Amino acid sequence: MTTFNRCIVGALLLAVTPTYPVQSADSLIDRELAQRHRTEKIEPASVCDDSTFLRRLTLDLMGRVPTVDELDDFLKHPDRPAAVERLLADPEHPQFWSQLWTMMLVGRTQQQRVETEVLRRWLEDQLTRGVPIDQVAFDLISAQGVTSIDGPVNYVVANRDDPVMRLSRTFLSVQLDCAECHDHPNDRWTNQDYVAMERFFEPLSLREVSGGIAVTDLGVGRREDVPVFLTGRKPQTAAWRRELAWMVVQSKPFSRAMVNRTWHWLMGRGLVDPVDGWTRENKGSAPQLLEDLAADFRRSDFQLRALIQRICLSDAYQRQPIQGDAKPTEKAESMRRLFAARTVRPLVPEQWLMSVAQVLDRPLPSPVELTEQSRRLLGLNPGSQSAGDPYDWTANTQTLIRQLSGDVPPPLRDLQAMYRATLARDPTSDERVLAERYSSQSILFALVHCNEFVMND
């Protein structure tokens, strides 16, 4: 890293963010968290300023930093509920979230005969039309058809080697990996549970056709050794996989898992952490809040946008990170665990790539281009497996070198415009003095690689 980069990062970290008063805690989220804060004698952080809120919200819902015009318009009329509503209605939102869902379901890499973009387009359509998430999950688990035509079929094909493990982690927040070989030492799930779940997929047939891979279910006759769901339910018909899909979306763990994943994407950590680690011993930092949100999600007919809106308008979402010493302390960890302060997290590769394109006033990459650029940024091989949570990624040394050595052309704008485009704020007086010694290209290069830009706070 150049001397200028080190200097400007230090200057950025010294910037003081104005505080805003905490809103009245009258929502379900803030009421229940406030009770936990009182019990544990925690003083929550203040609500963030308007610039930080818009940057955070735009990154979370659109996958990029806001434009200077978007920032200026919002600061003139800082209506936060209206901003959430506007971004949720924008076509960029389902496009970005379909990318997140695709990464969660099949990973960032292109597996053989898996049409990732067909799946992503199908997910984008479901999110655009507001299809309830239980219906989306049902269609994914029970999918039949051809990979080149039918989007959800690609989820089945991508996870054909161990469908039980991926289904339980994604849709139930339960890890059955250990139970595949032996009984789990610290939880209720046994090898017998895993084997019984695996039987739901015995009728599954995959065969190569000219258009890709065709997925169908073969009929099964009457037999005593029928599948058993984790709740103990057994199928009543020969359509085992369809019944499994229905059992999954009807179960309380499903609504709990979908709420927890959404919360994790927006808040930087789950109410249960890790997001697929719900057990008898790990019921999360606020188990009653998770249960109440899951019950409300079921009552709302699994409307994802309503859940996102509820979380984004809570004080918990809008809080500032812990100010001052960055060293981990027990108090700081308690504040983050109970969402009394913002958990700062790195941008995922897709957010960083989209944001850099936005700052440089280039066309935003298409979903296909974005996926390919993300693979290259992460140094992934085409056949490597990477299905899982989009935020669970670690940049290797080669990735960082490529990131820090990219060519950033100088913008034809002044210093204030560069700061607003990248960090959604004006430069401080110290930063203005420092910037006088460097070219526009050097300044912008430093800005798009500094901590404040690559982190979502």
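How many of the 16 residues of α13 are buried? The count is 14, so α13 is largely enclosed by the rest of the structure. The legends below describe this helix and other parts of a predicted model.

**Figure 1. Overview of the protein chain.** The secondary structure of the predicted chain comprises 24 helices and 5 strands. Of its 457 residues, 54% count as buried. The chain exposes about 20,600 Å², and carbon and sulfur atoms supply 50% of that area. When contacts between residues at least 6 apart in sequence are considered, 74% of them join residues at least 24 apart.

**Figure 2. Helix α13 and the residue that follows.** Helix α13 is formed by residues 252–267. At 1.5 Å a residue, its 16 residues should span 22 Å, and the end C-alpha atoms are indeed 22 Å apart, which agrees with that expectation. After the helix comes Gly268, which has a positive phi, near 90 degrees.

**Figure 3. The nonpolar cores.** In soluble globular proteins, nonpolar side chains tend to be buried together. Here the largest nonpolar core contains 89 residues. The residues with the most contacts inside this core are Trp97, Trp101, Ile133, Leu167, Phe171 and Trp263. Apart from this core lies another, made up of 24 residues, including Trp352, Val359, Met418 and Leu447.

**Figure 4. Surroundings of Leu167.** With neighbours within four places in sequence left aside, Leu167 is in contact with Ile141, Tyr155, Leu172, Met197, Phe201, Leu244 and Val248. Leu167 belongs to the largest nonpolar core and is listed among the residues with the most contacts inside it.

**Figure 5. Packing of helices α5 and α15.** Helix α5 (residues 80–89) packs with helix α15 (residues 304–312) at an angle of about 150 degrees, and their axes are 10 Å apart. The crossing of α5 past α15 is right-handed. On the α5 side, the contact is made by Val84, Glu85, Leu88 and Ala89. Helix α15 contributes Arg305, Ile308, Gln309 and Cys312.

**Figure 6. The setting of Thr343.** Thr343 is located in the loop between α17 (330–337) and β4 (345–346). Its relative accessible area is 12%; because buried means under 20%, Thr343 counts as buried. Residues up to four places away in sequence not being counted, Thr343 touches Met267, Gly268, Arg269, Arg336 and Asn456. One of these residues, Arg269, is 74 residues from Thr343 in sequence, yet the two are 7.2 Å apart in space, C-alpha to C-alpha. Another of the residues touched by Thr343 is Gly268, the residue that follows α13.

Terms used:
Residues numbered from 1 in each chain as written. Predicted model: local features only at pLDDT ≥ 70, side-chain atom pairs only at ≥ 80, totals over all residues. Heavy atoms only, no water. Helix = DSSP H or I, 4+ residues; strand = E, 2+ residues; numbered from the N terminus. Expected span 1.5 Å × (residues − 1). Buried < 20%, exposed > 50% of the residue type's maximum accessible area, 1.4 Å probe, protein only. Contact = heavy atoms within 4.5 Å. Areas by Shrake-Rupley, 256 points an atom, 1.4 Å probe, with all protein chains shown as cover. Core = buried A, V, L, I, M, F, W, Y, C linked by side-chain atoms within 4.5 Å. Axes fitted to C-alpha atoms, helices over the stretch in contact; angles between N-to-C directions. Left-handed = near helix turned anticlockwise from the far one by under 90°.
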